[in-house]
Structure formats: C-alpha cells, structure tokens
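Subject: A structure to look through, with notes on its cavities

Dear colleague,

I am passing on a structure for you to open alongside this email. Please have it on screen while you read the notes that follow.

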Amino acid sequence: MNPKLPYVLLVGAAVIIFILSCMLLSRGRQSPSCESQPSVVEKTGSPSQSLVFADLTPEEMSQVVRYLQGHLGVPLVDASRAKPSDNCIASVDLQVPAKAEVLRFLDGGGARPAREALAVLYFGNQPDPNITEYVVGPLPLPAYHRDVTVQRYGGKVPYHRRPMLGSEYEQLGVFLEMVAFAAAPTFLQEVLEYDGTNLAFQTTVPHGFQSGDRVTWFVLFQNVSGFFVHPVGLEVLVDHSSLDISQWAVSRVFYNGQYYRDMVQLESAYVQGRISVEKVRKAPWDGDFSSMKPRAPPAALFPVQFEPQGPRYSVRNNHVLFQAWSFAFGMSASTGLRLFDIRHKGERVAYEISVQEALSVYGSNCPAGMSTRYMDGSFGLGRYTSPLVRGVDCPYLATYVDTHSLSDSLRPRRRKASLCIFEQNLGSPLRRHYSNLQSLYYGGLVNSALVIRSVATVGNYDYVWDFIFYQNGAIEGKVQATGYPSSSFLHGDGLRYGNRLWEHTLGTIHTRFVNYKVDLDVGGVKNSLVAHDMAFEMTRAPWNPEQQIERPRLTKKVLDTEDQAAFRLQSKMPRYVYFAANSKNKWGHQRGYRIQITSFAGDHIPEASSMERAISWARYQLAVTRRKEEEPTSTSIYNQNDPWTPTVAFADFINNETITNEDLVAWITAGFLHIPHSEDIPNTVTVGNSVGFLLRPYNYYDLDPSIYSHDGVFFTNEQDFTACEINPLACLPKTASCLPNFPPFTYDGFRNM
C-alpha cells in the first residue's frame with residue numbers, strides 16, 4: 001500500500017466536505033431583497049391638472065368651517081352635540097366644477113376652475129327650520145358663499161328630510177333607555193335579562209308612511225359580536241318628529257308577533273300573564289355562532305402576490321398612471337368612490353365614473369323588517385368607508401391611501417388606509433393560442449390589471465367597491481357584498497319571508513340594487529347610442545338551392561331618444577349597446593365603447609308604491625340621457641327620509657329628448673336577490689354576490705391594444721424558449737427570486753371611534 005494514499009484520501013475528503021458545506025450555506029443564505037426598477041408607464045395626463053378633482057384637504061375643510069362660523073350670522077353648534085332644534089354644519093365636501101369649465105382647463109388651456117366646497121347645514125333654530133346648501137370658495141381662503149339650494153332642488157328642502165346625525169341616534173338611544181325601557185322594568189329584566197348594557201338596537205328607514213313623518217322602528221338585539229343575527233323579539237316604534245326631545249314618545253310596541261300600544265301596556269300584559277313569552281338563550285360576548293373568530297388553528301400561509309421589480313404603476317396625489325391608463329380619483333362623502341378624466345393611450349374615454357346609490361328592500365312578518373328600504377347614500381357610502389386590513393381586504397403590498405371627510409362634526413376625520421390601489425395577476429390569460437396545425441407556436445398575455453378599491457361598512461353590510469383597468473382598454477366597475485345579513489325574530493309565518501338561520505333568527509329576504517353614473521366621452525364629448533344584436537334569417541344554399549340554411553345576421557339600430565334608451569329592469573336589452581363616436585377606425589366602423597352589465601337583480605318595487613319615484617333609477621338596468629349640470633346625481637341624500645316627495649326623482653330625467661350626437665350619460669343599475677341561508681352564518685361571503693358592468697372597446701381601435709403590452713409571450717418550436725431574450729418567463733428564476741420587503745402589519749380601524 002502506498003503510504004501517501006491515506007493522506008490523499010484525507011485531503012480529497014476535506015475538499016468534498018468543504019464543497020458540500022459551501023453548497024449548504026449558499027442554500028440557507030437569504031435571497032436578496034427585491035429592488036424597484038424604473039416603471040414602464042405611458043405618460044398620459046398631468047398629476048397637477050388632476051387636482052381639479054381632488055378631495056378637500058383637512059385644512060380646506062377647517063377653513064370652510066371657520067368661514068361659515070364667522071359669516072352666517074347665526075350660532076352654529078358642533079353637529080356631534082347638536083339637538084334637532086340647533087343650527088349645525090352637517091357636512092363639507094368638494095363642489096366638483098362644471099364639466100365645461102374643467103374641459104377648458106384640461107384641454108383648451110383655460111383658467112383653472114375655482115376650488116370650492118359644498119356645505120350642508122341644518123337650520124333647526126329658526127322659525128322655518130330647513131336644510132340649506134352653500135357653495136363656499138375660493139379655497140384655500142374662502143371669501144364668498146352662495147345659497148344653491150333653490151337652484152339645485154327648485155325650492156327649499158324641508159327640515160324633516162334631513163339625514164339623521166350621529167347625535168340624534170345617541171339621543172334616541174338615551175330615550176329608549178331612560179323613557180321607553182323605564183316603563184317596562186319587569187318585562188325587560190325577567191324576559192330579556194336587561195342590565196343596561198346587554199341590548200343593542202338597529203334603526204329602520206324610511207321614517208313613517210308620508211311626508212313629514214319621523215317615526216322609526218327600533219329592533220332590539222343581544223349586544224354581542226355580530227348582534228345583527230341575535231334578535232330578541234322586541235321592536236319599539238318611536239315618534240321623534242318634534243324638535244323638542246322631551247316630546248318624543250313611543251307610538252307602538254311589537255313583541256313575539258303581538259302589537260301593543262306602548263311599553264306601559266306591554267308591561268301590564270306581561271305582569272298579568274297575558275303574553276306568550278319566548279325566552280332567547282343568552283349568547284356569550286363573542287356571539288357564539290355569529291363570531292367571526294376562525295374555528296381552525298393556523299396552518300400553511302395562503303399565497304401572497306408581490307412585484308419582483310416594484311410597482312408598475314404610480315400614484316401621485318389623486319392621479320394614477322398604469323401602462324396606457326391614467327385617471328383621477330376621489331371619495332364623495334355620500335356616494336363613495338369616483339373617478340374622473342379616465343384616459344387610455346392618452347385619449348379620454350370617460351369623464352366620470354361614479355357610484356350613485358345602494359338600495360335594499362326587505363321583507364318580513366315583523367314591522368321593522370317589512371318596512372325597511374335602505375338608501376345607503378343617505379348614510380354615506382364615503383363617510384362609512386372603512387380602514388382596510390392589509391393582506392385580506394387588499395393585497396399586502398398594495399398602495400394604501402388615506403381619505404378625509406367632515407360629517408357630523410366641526411373637525412375633519414381621517415380614515416387611514418381606506419383606499420387601496422394595486423396591480424393584480426388574475427392567474428389566467430387575457431388572451432392566448434396554442435398552434436399545433438401547420439405552424440407550431442404559443443402566444444399569450446397574462447391578465448394583469450390595475451384595481452382601485454374601497455370598502456364601505458354601512459350598518460350590517462359591507463360593500464367592496466372596485467374599478468378595474470385591463471390591458472385591452474376595458475374598464476370594469478364591480479361591487480361585492482359581504483357583512484352580516486339583517487334578521488328578524490322568527491315567529492308565526494316567518495318562513496314566508498326567508499330562511500331560519502338559528503334558533504330564533506329569520507334571515508329576511510331582500511333585494512340589493514346599486515346604481516352607477518358613467519359619463520363616457522368616446523372620441524370626444526358628443527356621442528350617439530347604437531344597438532347591435534342578432535337575428536336568424538333563412539336562406540337557400542347557393543351551391544345547393546334545394547337546401548335551407550339558418551344563419552345569424554347582424555342587426556343595427558341607432559337609439560335616437562331617451563325613451564328608446566331606457567331599458568326596464570327585467571326587459572330584453574340588445575346585447576351590444578355602445579356609445580359611438582363621430583370618428584371611424586381604420587376599417588370604416590364608428591369607434592365605440594360597449595356597455596355590458598352583470599346583474600342578477602330581483603324585482604323592483606311596484607311603481608304604484610307611494611315611495612317608488614324616490615328610487616325610480618332602479619326601474620332601469622340601463623338608461624342613457626343627455627348630460628346636464630342640473631342632473632348631477634340619480635338620487636339625493638334627502639330621498640331616504642321623505643321618499644313620498646322625493647327631492648330628486650330620476651324618472652324625470654327621461655323626457656324623450658334627442659340623444660344623437662350629444663354629450664351623454666349612462667345610468668347603470670345592477671343587483672341581486674338575497675335570500676339568506678344557513679351558509680350566511682356567521683356572515684355573508686362575496687362569492688356569487690358580485691355584480692357590476694364592463695366598458696369594452698368596440699371598434700375603438702384598429703386591433704387589440706394589448707398586443708403592445710410588455711407582458712406578451714411568444715415562441716415557436718424552432719426557437720429556444722428557455723432563453724430569456726426569447727421568452728421572459730424563462731428568466732423568472734433570476735428576476736423573481738428576490739424576497740419582497742413586507743412592511744410591518746398595522747391597523748388603525750379602532751382608533752378615534
């Protein structure tokens with residue numbers, strides 16, 4: 001044996017151990033952090049110009065409040081403490097300038113429109129109480145105010161139409177506890193085990209049956225997590241129409257299927273043993289079945305999306321750029337998320353896309369449930385926009401934006417991270433083709449889109465509002481509904497009005513309708529409305545005349561008037577309805593944008609109803625009207641509390657005017673019927689509860705604009721598809737092997753409650 005051999009083997013083993021150690025260490029070493037690359041964004045629109053649509057800043061809101069306090073000549077009480085008999089500032093929001101002024105500024109080099117605020121004031125401390133709206137400007141240093149109430153509504157707005165302030169809800173809560181409940185102590189203690197803290201209430205609207213009424217049913221629930229599905233069987237009708245709180249009174253009481261004159265009569269009937277009592281099992285503080293606490297332990301983490309080279313979009317102030325898209329965004333206190341000056345490849349396709357209203361109509365055999373018609377814009381879809389939870393409400397690495405509002409207070413309120421913007425890989429191709437005939441190739445484009453989102457929590461319901469921008473020039477408006485179902489106490493023939501969700505809980509049937517305003521400007525401000533569809537025609541085969549062929553053909557019609565362009569909710573509508581420009585594409589077709597609606601709406605309330613005109617926008621799945629500055633919204637925040645004499649009746653917008661070659665607006669309604677079922681416990685999921693619309697290019701371009709996307713993939717059988725320069729997907733191990741920088745989790749939703 002060679003005496004040097006053991007040394008050679010030892011040296012060889014040491015080398016092998018060293019190499020293996022290096023490999024193991026390199027595997028355990030953390031990947032580098034992702035670094036942002038310069039974004040490839042087409043520079044369209046101007047961030048500074050978009051400020052014409054920007055929400056008021058907290059400083060501007062405060063300036064408006066100070067100006068009004070010093071220039072109206074009447075005492076103004078802080079709305080958070082105001083009584084109905086006081087004067088107060090109910091809200092301050094942006095007064096969006098007139099479209100003609102804005103377009104002169106954006107497109108014609110005109111002067112920037114004056115920046116103004118719209119202030120809503122309640123004047124309860126005067127001989128003729130009323131609601132008055134003032135335009136205040138110019139901001140940031142106000143020097144004038146003008147009363148626009150008559151101009152906007154044709155007259156004064158009666159005081160009884162005012163949306164309820166938070167202070168009025170608090171005063172009603174005190175009334176229930178100190179006056180109503182005090183009249184039935186034995187019943188409340190023995191039947192409901194009332195201890196002053198264990199009951200919660202929910203109000204209903206509208207307040208009565210005729211103009212001037214302010215009489216409200218209050219439904220009592222166990223005060224636990226998810227109280228909306230814990231009714232106790234007691235409902236109380238309170239007349240709070242008087243501006244003098246001491247004059248408020250109980251008008252009627254309902255318990256377990258029986259009506260009583262007031263709480264005194266309920267107490268007397270109980271003490272005398274003349275009431276059928278249905279005791280509800282006391283729920284723990286977490287709500288038991290209504291608790292949203294997960295019933296399973298943590299396991300493997302769900303998939304997380306990240307941008308290996310940083311965001312491919314930019315957000316500056318209220319202006320967003322994403323590939324060929326640009327737009328400005330804002331948040332109305334009443335209607336919520338809205339977009340302006342939406343452009344694709346530098347050309348404006350829409351001036352405004354905004355939410356208008358969210359309506360629900362309930363059924364029940366309990367008084368509160370059967371009379372409920374919520375118009376959530378009155379409560380405030382923007383005002384109740386909630387802070388978003390990073391990683392659930394939006395992707396963890398989305399861009400989060402704070403919003404501000406001034407309602408029910410003299411001070412602005414910041415809602416931190418209440419709007420998010422992100423690019424989302426939808427996990428499917430936007431388009432693709434695999435060819436195995438004649439030539440062999442694959443071509444495709446990932447469907448990656450930009451999303452701007454807000455979530456409004458109005459009482460028991462949560463609305464997830466999305467506007468989505470696709471690479472082919474399409475825009476989607478979508479709302480997903482979640483939250484808790486509203487419920488009634490199950491008794492008698494309750495199952496005619498819903499499904500049983502728990503021992504005493506009836507999930508009540510209801511409709512959901514949402515309305516959008518879409519001001520398309522396709523190839524310019526002036527457009528026409530055109531309908532394309534199909535019809536079968538019979539023809540003889542030219543090569544064999546004895547045989548017939550049924551072939552589909554294209555039908556075309558220009559819709560000349562507003563009446564022709566108003567499509568009833570359940571009626572048949574042409575499958576292609578589009579705004580047509582006065583210009584043509586390369587192939588001689590009018591350039592257009594098509595409106596495509598996704599809806600599963602229930603039936604609209606009968607038009608014979610005394611309150612139907614207040615929600616008459618819901619008659620139509622689509623209505624196209626001439627755009628008018630005096631018709632800025634399809635409804636009014638004042639319609640909720642006086643639907644019998646609506647401040648704005650959308651039906652009046654449709655008066656058979658010519659809509660050919662005019663500035664047009666599409667009013668789109670989508671909705672669904674919700675019959676709550678056991679899977680709505682603990683609360684409703686978004687799956688299947690999503691409706692909205694698409695705006696799609698229709699001969700607007702000469703070919704699909706997404707062919708110019710940087711995300712395209714194409715290779716043939718003759719190419720090396722593992723090479724980065726041929727196929728960018730082959731580079732993923734290199735370009736996407738970094739670790740994203742996840743910021744610490746924070747949440748501000750429980751602050752300043």
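Please keep in mind that this is a predicted model. The residues lining the largest cavity divide into six nonpolar, four polar and two charged. If you would like to find them in the viewer, this lining is made up of Gln222, Val229, His230, Pro231, Val280, Arg281, Ala283, Phe289, Trp502, Glu503, His504 and Thr505. The space that they surround has a volume of about 120 Å³, and at least three of the lining residues come from each of domain 2 (166–290) and domain 3 (318–427 + 443–698).

The second largest cavity holds about 110 Å³ of space, and its lining likewise takes at least three residues from each of domain 2 (166–290) and domain 3 (318–427 + 443–698). Its lining counts 14 residues, and those that lie nearest the centre of the cavity are Thr204, Gly369, Thr372, Ser486 and Ser487. Sorted by class, this lining has five nonpolar and nine polar residues, with no charged residues, whereas the lining of the largest cavity includes two charged ones.

Which elements each supply at least two residues of the lining of the second largest cavity? They are strand E6 (199–203), strand E7 (215–222), helix H9 (367–370) and strand E22 (487–489).

These two belong to a longer list, as the count comes to seven cavities of 30 Å³ or more.

With best wishes

Technical notes
Residues are numbered from 1 along each chain as its sequence is written. This is a predicted model: local features need pLDDT of at least 70, side-chain atom pairs count only at pLDDT 80 or more; totals for chains, interfaces and linings use all residues. Side-chain values use heavy atoms; hydrogens and water are left out. On a 1 Å grid over the protein atoms alone, a cavity is a set of points where a 1.4 Å probe fits but cannot get out, and a pocket is an open set with protein on both sides within 12 Å along at least five of seven lines; lining residues have an atom within 4 Å of a point. Grid points are joined across faces, edges and corners, and a volume is the space filled by probe spheres set on the points. Ala, Val, Leu, Ile, Met, Phe, Trp, Tyr, Cys and Pro count as nonpolar, Asp, Glu, Lys and Arg as charged, and the others, Gly among them, as polar. Domain bounds come from an automatic or database domain assignment. Helices (H or I, at least four residues) and strands (E, at least two) are DSSP runs, numbered from the N terminus.
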